[in-house]
Amino acid sequence: MRRYIVYAAVFIILLSSCAWHGASLTDPDDIVYAPLRFEPPKAQRVKFENGIILYMLEDHEIPLVNISAVIRMGSFYDPPEKEGLAKITGTVMRTGGTKSKTGNQIDEDLDFIAGKITVSVGTDSCTLSMSVLEKDMDKGLQIFSNLLINPVFSEGKLETAKILETEAIERISDNPQKIAFREFRRLIYHGDPRGRLSSVESIEKIERDDLLNFYKRFFRPGNVMIALSGDIETADAVKKIKSSLGAWNIPGGPGKPPTPPVRVGASLNYIHKDTPQSVIIIGQSAPGKESSDYYAFEVLDFITGSGGFRSRIFAEVRNRLGLAYSAGSFYSPRTEYGVFGVYAMAKGSSTVDALSAMTKILDNMRDRGVESGEELAWAKESIINNFIFSFSEPSQIVMSQMMLEFDGLPDNFLTNYTDNMEMVKSSDLRYVAARYLSGESRIVLVLGNKEKFSKPLSSFGDFHREISGTENQEN
Amino acid sequence: MISGKSLRNILLECLAITCLASFFLCIPLAPCSAYDLKDKVKEFTLENGLKVLIVERHASPTVSLYISHETGAVDEGDGHTGTAHILEHMMFKGTETIGTKNFEEEKSTLRKIHAVGNALDTELMKGENADVQKTENLRRQLDTLQKEAGKWSIPSEIDRLYTEKGGGDLNAFTGQDLTSYHVSLPSNRIELWARIESDRMANPVFREFYSERDVVMQERKQTVESNPGRRLIEQFLAAAFMVHPYRRPVLGWTPDMRFLNIDYIKEFFRTYYAPNNTIITIVGDVSPEGVMKIIKHYFGRIPSQEVPIRHVTEEPPQSGERRVKLVSDASPRLIAGYHKPTLPSFDDCVFDIIDTILSGGRTSRLYKALVEKGIAVDVNTTNGFPGARYPNLFVIFAQPVSPHTCGELEEIIYKELDILKKEPAKPEELEKAKNQLKTDILRNISTNSGLAGMLSYYEVVTGSWQYITKFPDLLERVTPEDIMAVAEKYLESRNRTVAELVKKK
């Protein structure tokens, strides 16, 4: 059955009459709005014989075409001791040339037509993206498909990539937030490949054969999905993709990576770095998108710290106490699992005050959930009303529809989203808060200089680890 | 990382609702377009001088709304650095009808708070001679009064109203040249925007001033003091400009920020947030007639006022290289910049081409000479730093790969600049740069907020958004000889400022 996601179509002006004539201003809460009826365009899905799946949406506003190939690979598959291999493979696939052209020739051709091709490598996916003028689509696609099918990973470009990556890793120590969030990742995924991070040593060990093997393992048509949008007719796009990638035939490919083990045991971790501001992160495991707890947890996250000024962490730590400029929460749900946390950057002397305030907010949420109907209604209304922005750009619509299939989520996930959100009750929130915010699995991470703290961190409990700022290589 | 396009506005400070969001407002360096903007932009001016630009786009029922005031950090008086930026924060504190339970009661408490706050600042300005007992008393009074005011105020109402109605990207940006307020909304909710924005343009109430002042001090700690790159930029600008206000950071200098003054901020607001000093830009699913009806109703009643002629101290010509060093425990970095005229001068347009030839893409000259060879981890150039209402800088940023040094980078960079002066660029290279500049614009205007941001930026900085449509012709006129001449004229060592981050031994 077809469903309307958000309710309404064209903009109709409806001035509330008292605002129009009255001398005094309408209460902003009393403004009456015309309904918004909108059925987001549905991307066309095509499965080619070799297994490649294409999602396609026309958009003729601007003479550009965007294309993204998503491949199931990523840092999750980095061999132990060679962390960083997935990323380097992605980089050198882009720079290292193909069977017909050197990397430099490709760059020249691409820059001349002002095309852009980038690679990004995540934990369990790699995305090769291109943006090109509609008139240069054929030239662009030829380069794009050759990078995908025929990369040669030249030795010279590998050397350059390793040098640059090594320097980038060394420069992480200049960025306190980056150090802290990397370390948090290591802690939350302890004992799982997701928790292993690249280092100068691991990059050093990577060789060209590693790239070739890694490429062979993952780059297979059955392991690739493509999102395409822009100023091109659907039939034409399908024809072009078929002619450039249709003959690529290598069966197989890896399945989805296993879910990380659920993290147990609380810990308090301190990273020493003499910086003007401490970085504080408190986090734990959270439900994935396929869990029945997902919608309630989205609301929980919104109320805790990602719902702007009114959210609890922001209102308390930043606005009421003035302890931080940035403070809030983050929730990154994948299909089967997720991570949730709260963070703040506070000046050294306020570190422990900020940490206490944050802990109190988490404890309160865990013990009481959300008691005020008003707060719950505010969060739900905000999330539901904002959902339309998931459909504001064609490239984003086609990508999100494709990612549902890539992530193994039901294809009505987005269409049912607002209805599911609507059903969240305060009892659901209480349930997920109690279930996921247990103090027993909470990871607390503080980066800063404890000499400057006004109270000792130990007032918080026992230290589990003290990590020095630059050498954070522990597993 | 090699495209310097987002750097133009690196010094815009914003409200940063989430910490991990980037604080750049990405406005492309040089406008241009195969997409015909001319017929798409509808222009209106209200009787009070408020200008409105509207572009219809009906792909989704959403709309991006910008309000830009032609004012920024350049307009601050000495000793008041940070005013434009904290004003932008204060604009989120509500109005006489938004954010209060009883404004009459609240008003008198706020008046007392500001009086006590001013007295406290005056005492603290005495430094070591401040009367400890007196400051303690004032502080206690301030605390009590702030608690009292808290009884009447409803915090974060503007944010609540927008968020609840589906608002996205709610943020504001303060730069040297302009200050912008942005939100995206479902397109049926424009009246909410007009109601809130017109009210805060006419009757803002600066609640929670002293705690917000603490927040911006934290903002500085986070975005500048904890960030070696930003600290170096600050030192660089203070050296490159001796007298022009571009020498000062948008966030302000810490000693000024401690004493940011509520009366001065109010005056700044009254002077520069006038409707006749403001541009509204709207891109999305709207009908211009319908929107204008709402805008006239809500904004039309705000009286226009005289905006003073601004005298800004002109920067004298530089007559010798300046060098600054910042010693820090961070890895080395280099910044080198040259004074130049701003847009809409032809030379500025030539610099857009130079910018692209030097660092636009993997085949650009500096990328090949530095990054490709493993000598620098990245290199960027940017044309029009740190603002564009006044003559500005062409700047090169680079970070060496260990064990290479900033000195080595300088040598290679200057050699490339010399080649610009001596050898005419090949026609293919020039054409490539022009293609890139044109296509970058298309990418930037492909989103509603990108187009809205660009229209308001060029309207404020050049006096007309039509600079965007004229730009392609300007670009076409640039010849290899122009590049050589401009390089020769400006890219010389006596016109150069160099800042270097040196790692503490």
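Reader: In which element of chain B is the place of B:D169?
Author: This is a predicted model. B:D169 has a positive phi of about 50°, although it is not a glycine. Its place runs within residues 168-174 of chain B, and that stretch is strand β5.

Reader: Is B:D169 buried, partly exposed or exposed?
Author: Count the C-beta atoms around it. A buried residue needs 20 or more others within 10 Å, and an exposed one has 12 or fewer. B:D169 has 15 other C-beta atoms within 10 Å, so this residue is partly exposed.

Reader: How does B:N171 count, as buried, partly exposed or exposed?
Author: B:N171 also lies in strand β5 of chain B. The cut-off for buried is 20 or more other C-beta atoms within 10 Å. B:N171 has 19 C-beta neighbours inside 10 Å, so it counts as partly exposed.

Reader: What distance separates the C-alpha atoms of B:N171 and B:H89?
Author: Start from strand β5 of chain B, where B:N171 lies. Along the chain, B:N171 and B:H89 are 82 residues apart. In space, their C-alpha atoms are separated by 9.8 Å.

Reader: Is B:S156 buried or exposed?
Author: B:S156 lies in the loop between α3 (132-152) and α4 (157-164) of chain B. Its phi is near 55°, a positive value in a residue other than glycine. The residue has 21 C-beta neighbours inside 10 Å, and 20 or more are needed, so B:S156 counts as buried.

Reader: Which proline follows B:L343 across a cis peptide bond?
Author: Most peptide bonds are trans. Here omega is about 10°, and the bond is cis. The proline sits in the loop between β9 (333-340) and α11 (346-359) of chain B. It is B:P344.

Reader: What is omega for the peptide bond from B:S402 to B:P403?
Author: B:P403 is found in the loop between β11 (392-400) and α13 (406-422) of chain B. The bond that leads into this proline from B:S402 is cis. Its omega is near 5°.

Reader: Which helix gives the largest share of the side of chain B that touches chain A?
Author: The contact takes 69 residues from chain B and 65 residues from chain A. Several elements of chain B each supply at least two residues, among them α4, β5, α10 (288-299) and α14 (427-445). By class, the chain B side divides into 22 nonpolar, 28 polar and 19 charged residues. The largest share, 8 residues, comes from α6(B).

Reader: How far apart are the C-alpha centres of domain 1 and domain 2 of chain B?
Author: The domain assignment of chain B gives domain 1 as 100-153 and domain 2 as 322-503. Take the C-alpha centre of each. They lie apart by 48 Å.

Reader: In chain A, which element gives the largest share of the side of domain 2 that touches domain 3?
Author: Chain A is divided into domain 1 (1-39), domain 2 (44-245) and domain 3 (267-468). In the contact, 20 residues of domain 2 meet 22 residues of domain 3. β2 (53-58), β3 (64-71), α6 (176-188) and β6 (224-230) give two or more residues to the domain 2 side. The largest share, 8 residues, comes from α6(A).

Reader: How many residues on that side of domain 2 of chain A are charged?
Author: The C-alpha centres of domain 2 and domain 3 of chain A lie 30 Å apart. On the domain 2 side that touches domain 3, 14 residues are nonpolar and 4 are polar. The charged residues number 2.

Reader: Are α2(A) and α8(A) roughly parallel or roughly perpendicular?
Author: Helix α2 (residues 85-95) and helix α8 (residues 208-218) of chain A have axes that come within 10 Å and cross at roughly 90°. Angles of 65 to 115 degrees count as roughly perpendicular. The two helices are therefore roughly perpendicular.

Reader: Which residues of α8(A) meet α2(A)?
Author: By class, this contact has 8 nonpolar, 1 polar and 1 charged residues. From α2(A) come A:L85, A:A86, A:I88, A:T89, A:V92 and A:M93. They meet A:D210, A:L211, A:F214 and A:Y215.

Reader: What does helix α10 of chain A span between its end C-alpha atoms?
Author: The helix covers residues 294-306, and 13 of its 13 residues are buried. A:G308, with a positive phi near 75°, follows it. A straight helix of 13 residues would span 18 Å at 1.5 Å a residue. α10(A) spans only 15 Å.

Definitions and conventions: Residues are numbered from 1 along each chain as its sequence is written. Chains are lettered from A and ligands numbered from 1 in the order in which they are written. This is a predicted model: local features need pLDDT of at least 70, side-chain atom pairs count only at pLDDT 80 or more; totals for chains, interfaces and linings use all residues. Axes are lines fitted to C-alpha atoms, for helices over the stretch in contact, and angles run from 0 to 180 degrees between N-to-C directions. Helices (H or I, at least four residues) and strands (E, at least two) are DSSP runs, numbered from the N terminus. Angles under 35 degrees count as roughly parallel, over 145 as roughly antiparallel, 65 to 115 as roughly perpendicular and the rest as oblique. Two residues are in contact if their C-beta atoms, placed from the backbone, lie within 7 Å. Ala, Val, Leu, Ile, Met, Phe, Trp, Tyr, Cys and Pro count as nonpolar, Asp, Glu, Lys and Arg as charged, and the others, Gly among them, as polar. The expected span of a helix is 1.5 Å times one less than its number of residues. Domain bounds come from an automatic or database domain assignment.
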